[in-house]
Amino acid sequence: MAATSGVIEARNVFKAFVARSHRQQRAFLALHAVTLSVAPGRFVSFVGPSGCGKSTLLNMVAGLIRPTQGEIWYKSRPVGGINTDVGYITQDDNLLPWRTLVENVEVALEFRGVAQAERHSRAERYIARVGLAGFEHHYPHELSGGMRKRTALIRTLIYEPDVILMDEPFGPLDAQTRVILQDELLKLWEGSGKTIVFVTHDLVEAIALSDEIVLFSRAPGTIKRVYEVPLARPRDVFRVHADPRFPAFYDQLWRDLKEEISQMDLEGAVHGHG
Ligand SMILES: Nc1ncnc2c1ncn2[C@@H]1O[C@H](COP(=O)(O)OP(=O)(O)O)[C@@H](O)[C@H]1O
Ligand SMILES: [Mg+2]
């Protein structure tokens, strides 16, 4: 791995948090010796057991927290403060409840001082691309879960960051809406040259979307394995199971992930509340 090839690089990163239990205070290791390079333009997914530090790593790329040891590099520089160059779509959509859909979509352009006419025309274009035309003046509480996620997505895409971090963005959606949004995301991304780092617990979603999948071990999280997704592009997310390379790849990924999940979690997953 060449030292300068990645738009995002983690170099031997450790992250410890202070855990307080009763009267004791001790360091708790969340990430351990993470070294990773994300090449520009790639779609990379992070998968791993819950609590293995996936969100923590995204937070470090966004400059919201710092490694305890090691460095995160972004575009050939160590991340010091908040990294405003990346787009970050967190698990919670964080829409402003007092602003309409279009006002939410425009908020980042407002901060960047883009003139109103330009803001409107860009917002209208993105709103139409994800099928939200007609809902511009609805407030977040008047939108469905899928519409809120679409709004959160285009609110970030509209300022055209080169790198977009997405933390389980489609997590709480029903299965049908998820696949539709996956399809929309791929169409927005393909040919854009943008780099996406996408956290998901859904292996099918990771396979359908990604060029590369990074599997984390159980806590303290480290990288267990990196896979090149063997499916050709463009992808049909609705028929990803039908690809002849899908079953063997899925099985391998699941086998490797299963080793990292505790028996208790596996039983929970089998009984449908994992
Ligand atoms: N700010 C924090 N303070 C203390 N512990 C934290 C903090 N953020 C995350 N953790 C802990 O670090 C571990 C990794 O968390 P996280 O990155 O959210 O995992 P994941 O996203 O993979 O589920 C978890 O045990 C979590 O409780
Ligand atoms: Mg997380």
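This is a short conversation about S217 and the surroundings of ligand 1 in a predicted model.

Modeller: Residues are numbered from 1 along each chain as its sequence is written, and ligands are numbered from 1 in the order in which they are written. In this predicted model local features need pLDDT of at least 70 and side-chain atom pairs count only at pLDDT 80 or more, while totals for chains, interfaces and linings use all residues, and side-chain values use heavy atoms, with hydrogens and water left out.

Biologist: Why does S217 count as buried?

Modeller: Buried means under 20% relative accessible area, exposed over 50%, and partly exposed in between, with a 1.4 Å probe and protein chains only; S217 has 11% relative accessibility, so it counts as buried.

Biologist: Which residues is S217 in contact with, leaving aside its neighbours within four places in sequence?

Modeller: Contact means heavy atoms within 4.5 Å, and S217 has such contacts with P49, C52, T222, K224 and E260.

Biologist: What makes a pair of atoms at T56 and ligand 1 a polar contact?

Modeller: A polar contact is a pair of N or O atoms within 3.5 Å; within protein, one must be able to donate a hydrogen and the other to accept it, and residues adjacent in sequence count only if both atoms are side-chain atoms. An N or O atom in the side chain of T56 is 2.5 Å from an oxygen atom of ligand 1, so this pair meets the definition. A polar side-chain atom of S55 lies 2.8 Å from an oxygen atom of ligand 1, and a polar backbone atom of C52 is 3.2 Å from an oxygen atom of the ligand.
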